[in-house]
Amino acid sequence: PISVSSDEQENSDWKMGVTTRYILPVYQQYYGLPQGAWIKSIEKASPAADAGLQAGDVIVGIEDLTILGDATLRKARGRMDPGCEAVVTFWRDGQYYETVLTRPE
């Protein structure tokens, strides 16, 4: 299992502006989705919306961290300091893309 340090846990309490769901392996196979954090919904004028992420995208990586689900997404948020930028790799409609996510100050 992924361990989230106490510092990462404390630092992860900022809002990206997404509601995500873990993709069970059976759904990955059935729908042809990669493993990651599937974006169920996105808030307008949020860091995620500003980065161009959309509902239905699957976040698969942030910087050098592979996103497997909620714990790794929390860990990735916890590594970002206020004002920090991070490269987000995501999957949309069968293609992988990268964008830059900025944590608010």
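**Close-up views of a predicted model**

**View 1. Tyr27, Tyr30 and Tyr31 together make up one aromatic cluster.** The model shown in this and the following views is predicted. A pair of aromatic rings is described by the distance of the centres and the angle of the planes. Aromatic pairs number three by the rule applied here. One of them joins Tyr30 and Tyr31 in an edge-to-face arrangement, with 4.9 Å from centre to centre and 85° between the planes. The angle counts as edge-to-face because it is over 60 degrees.

**View 2. Tyr30 is placed in helix H2.** Is Tyr30 buried or exposed? Tyr30 has a relative accessible area of 66% and is therefore exposed, since the class begins over 50%. Tyr31, the partner of Tyr30 in the edge-to-face pair, is likewise exposed.

**View 3. Six residues form a nonpolar patch on the surface: Tyr22, Leu24, Val26, Tyr27, Tyr30 and Tyr31.** The area of this patch is about 700 Å². Which element supplies the largest share of the patch? Helix H2, spanning residues 25-31, does so with four residues. Tyr27, Tyr30 and Tyr31, the members of the aromatic cluster, are among the residues of the patch.

**View 4. Glu63 lies in the loop that links strand S3 (58-62) with strand S4 (65-66).** Most residues other than glycine have a negative phi. Glu63 is not a glycine, yet its phi is positive, at about 55°.

**View 5. Asp93 occupies the loop between strand S5 (85-92) and strand S6 (95-102).** What is the sign of phi at Asp93? The phi of Asp93 is positive, about 50°, although Asp93 is not a glycine. Asp93 has a relative accessible area of 71% and so is exposed, the cut-off for this class being over 50%.

**View 6. Ser46 is found in the loop between strand S2 (37-42) and helix H3 (47-50).** Why does Ser46 count as buried? Its relative accessibility is 4%, and buried means under 20%. Which residues are in contact with Ser46 when its neighbours within four places in sequence are left aside? Met16 and Gly17 are in contact with Ser46 on that basis. Ser46, in its loop, is thus a buried residue at 4% relative accessibility, whereas Asp93, in the loop between strands S5 and S6, is exposed at 71%.

How values were computed
Residues are numbered from 1 along each chain as its sequence is written. This is a predicted model: local features need pLDDT of at least 70, side-chain atom pairs count only at pLDDT 80 or more; totals for chains, interfaces and linings use all residues. Side-chain values use heavy atoms; hydrogens and water are left out. Rings of Phe, Tyr and Trp (its six-membered ring) pair if their centres lie within 6.5 Å; planes under 30 degrees apart count as stacked, over 60 as edge-to-face and the rest as tilted. Buried means under 20% relative accessible area, exposed over 50%, partly exposed in between (1.4 Å probe, protein chains only). Patches are made of residues with over 30% relative accessible area and no salt bridge: like charges are joined within 9 Å, nonpolar side chains (Val, Leu, Ile, Met, Phe, Trp, Tyr) within 5 Å. Accessible areas come from the Shrake-Rupley method with a 1.4 Å probe; for residues, only the protein chains shown count as cover. A salt bridge is a side-chain nitrogen of Lys or Arg within 4 Å of a carboxyl oxygen of Asp or Glu. Helices (H or I, at least four residues) and strands (E, at least two) are DSSP runs, numbered from the N terminus. Contact means heavy atoms within 4.5 Å.
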